[in-house]
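Me: I am new to this structure and would like to learn how to read it. Could we take it feature by feature?

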Amino acid sequence: MRTRGTIMHGLRRRLAALSALAMGAALAVAIPAPASAAARVDNPYVGATAYVNPDWSAKAAAEPGGSAIADEPGFVWMDRIAAIEGSSEAKSLREHLDTALDQGANLFQVVIYDLPGRDCAALASNGELGPTELDRYKNEYIDPISEILADPAYASLRIVTIIEPDSLPNLVTNAGGSEGSTEACATMKANGNYEKGVGYALHTLGAIPNVYNYVDAAHHGWLGWDSNFVPAAQEFKKAATTEGATVADVTGFIVNTANYSALKEPNFAVTDTVNGTQVRQSKWVDWNYYVDELSFAQALRTELVSQGFASDIGMLIDTARNGWGGSDRPAGPGPTTSVDAYVDGGRIDRRIHAGNWCNQSGAGIGERPTTAPEPGIDAYVWAKPPGESDGNSAPIDNDEGKGFDRMCDPTYTGNGRNGNNLTGALPDSPLAGHWFSAQFQELVQNAYPPLDGGSLNR
């Protein structure tokens, strides 16, 4: 296992080697100095110029209306071992980092996403590593990423990581005892490899001075109930103190990663009543204590601090696809004829069910990446690049370990995790992570705030 000491020792050795080489060759050639180290800050987004991924930007700009958002910064996904070295169609991690320096950026955002038995409750985003391949995860995935990120050439960059979307929340809700549980999630809870993998990633990457780790924390429609909320915070603490990690390795958490939950629901509150019936009792809210991502993120932050995380942790919210604009966006509250009419008529989130997650019909681009928009929120970010599919709507043979999940099939009538409703997924979708032109165009059309208003202040 690489420890904080060995990484720092390695950095010192590389810097010393550069210094010796420069002295020995001073009469022959000037040796460029390593990049000056970025000072550690509380919120890495303050005063930052974030990297724009040119691979995504070119695809966005080629779509009708896409030029309006083609210059927005987003995360680069390392979703398999091969992604580290790149391909003819995608830059390697080093190439992305080098391009960030060429752009003059001082903030680079990357998703760490290749746990053993990854996404045990969603076949569309299954990964390449089997449930027991923790050593491969450490040695072939996290260690090579860490070596690259620790290169002194990138010391001037603030590097923000999202650590393993959907993994720990699955242990809380889908590992036994509920209608939506799966055998795969029960296996990962029993063997502890999600927790060990997350802990190892936090410890190893957190040892790099300019890396800022944010742990994925699902969304309000997943963890907002009493039965899930505190247990989730406790699970996050457990993983963050495993495999050498400590809470000091965690800068914060992110909610709504690659999801569609509304940032704010302005037309009703969880405390409202209609004819004596609480909004919490509506079919849509279903006794949840939260109706949107902002209120959930702020409340979860408070709970995480009470569980032992630092008092200055920050939250990120993925707003790439939760705008829900267009002609179907409600202009005000629904009728007060019943609590369901009131909520359904006024809710911004137009999904059939809050458990629907795959290529949602009617969704739109949300708030543009914005720094420190609300108390406790470090930034609104685009974790999921708009236009990249959540999963394939029909079986597709592939070498990426991605299966066919019926939640991506628009004809599927659901399961326990979405109340046995239709999925609301768009038809004819490609593999997860592949470009989905039809979805991108719909996201642009339904953007809120509208795209013709320009980008928000950063």
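Reply: Start with a single pair of residues in two strands. This is a predicted model, and in it I112 has I163 of β3 as its bridge partner.

Me: How many bridges pair β2 with β3, and in which sense do the strands run?

Reply: Bridges show which strands lie side by side. Here β2, residues 107-112, and β3 are joined by six bridges in the parallel sense. Between these strands the chain passes through helix α5, residues 134-149, and this β-α-β crossover is right-handed.

Me: Which strand do five bridges join to β3?

Reply: That is β4, residues 211-216, which runs parallel to β3. One bridge to look for is that of I159, whose partner in β4 is V211.

Me: Is β3 largely enclosed or not, and why?

Reply: To judge this, count the buried residues, meaning those under 20% relative accessible area. In β3, residues 158-163, six of the six are buried, so the strand is largely enclosed by the rest of the structure. Side-chain direction is worth checking too. R158, V160 and I162 point one way, while I159, T161 and I163 point the other way, and all are buried.

Me: Which residues touch the most other members of the largest nonpolar core?

Reply: A core is read as a network, by asking who touches whom. The largest one here has 71 residues, and F108 and F253 touch the most other members. Helix α5 gives the most to this core, with seven residues. There is also another core apart from it, with 17 residues, including A60, I69, Y260 and A262.

Me: What is F108 in contact with, beyond its neighbours within four places in sequence?

Reply: Its contacts are Y51, V76, L93, H96, L97, A100, L157, R158, I159 and V160. Among these, R158, I159 and V160 were met above as buried residues of β3.

Me: How many disulfides are there, and what pattern do they follow?

Reply: The count comes to two disulfides. With bonded cysteines counted along the chain, the pattern is 1-2, 3-4.

Me: Where are C120 and C185, the cysteines of one of the pairs?

Reply: For a disulfide, look at the bond and then at what it links. The S to S distance between C120 and C185 is 2.0 Å, and the link is right-handed, with 95° about the S-S bond. The pair links distant parts of the chain: C120 is in the loop between β2 and α5, C185 is in helix α7 (residues 183-191), and they are 65 residues apart. Both cysteines are buried.

Me: What does the disulfide of C358 and C408 link?

Reply: The approach carries over. C358 and C408 are joined with S to S at 2.1 Å, and this link is right-handed, with 100° about the S-S bond. C358 lies in the loop between α12 and β9, and C408 in the loop between β10 and α13; these are distant parts of the chain, 50 residues apart. C358 and C408 are buried.

Me: Which elements have the lowest and the highest mean pLDDT?

Reply: Where pLDDT is low, the predicted coordinates should not be read in detail. The mean for the protein chain is 91, and 91% of its residues reach 70 or more. Helix α1, residues 4-24, has the lowest mean among the elements, 38, and strand β8, residues 314-318, the highest, 99.

Me: Over which residues does pLDDT stay under 50?

Reply: One stretch is residues 1-33, with 34 contacts beyond four places in sequence in the model. Another is residues 453-458, with 11 contacts beyond near neighbours in sequence.

Definitions and conventions:
Residues are numbered from 1 along each chain as its sequence is written. This is a predicted model: local features need pLDDT of at least 70, side-chain atom pairs count only at pLDDT 80 or more; totals for chains, interfaces and linings use all residues. Side-chain values use heavy atoms; hydrogens and water are left out. Buried means under 20% relative accessible area, exposed over 50%, partly exposed in between (1.4 Å probe, protein chains only). Helices (H or I, at least four residues) and strands (E, at least two) are DSSP runs, numbered from the N terminus. Two strands pair if DSSP finds at least two bridges between them. A crossover is right-handed if, with the strands pointing away from the viewer, the path from the first strand over the helix to the second runs clockwise. pLDDT is the predictor's confidence in each residue, from 0 to 100. Contact means heavy atoms within 4.5 Å. A disulfide is a pair of cysteine sulfur atoms within 2.5 Å. A nonpolar core is a set of buried Ala, Val, Leu, Ile, Met, Phe, Trp, Tyr and Cys residues joined through side-chain atoms within 4.5 Å.
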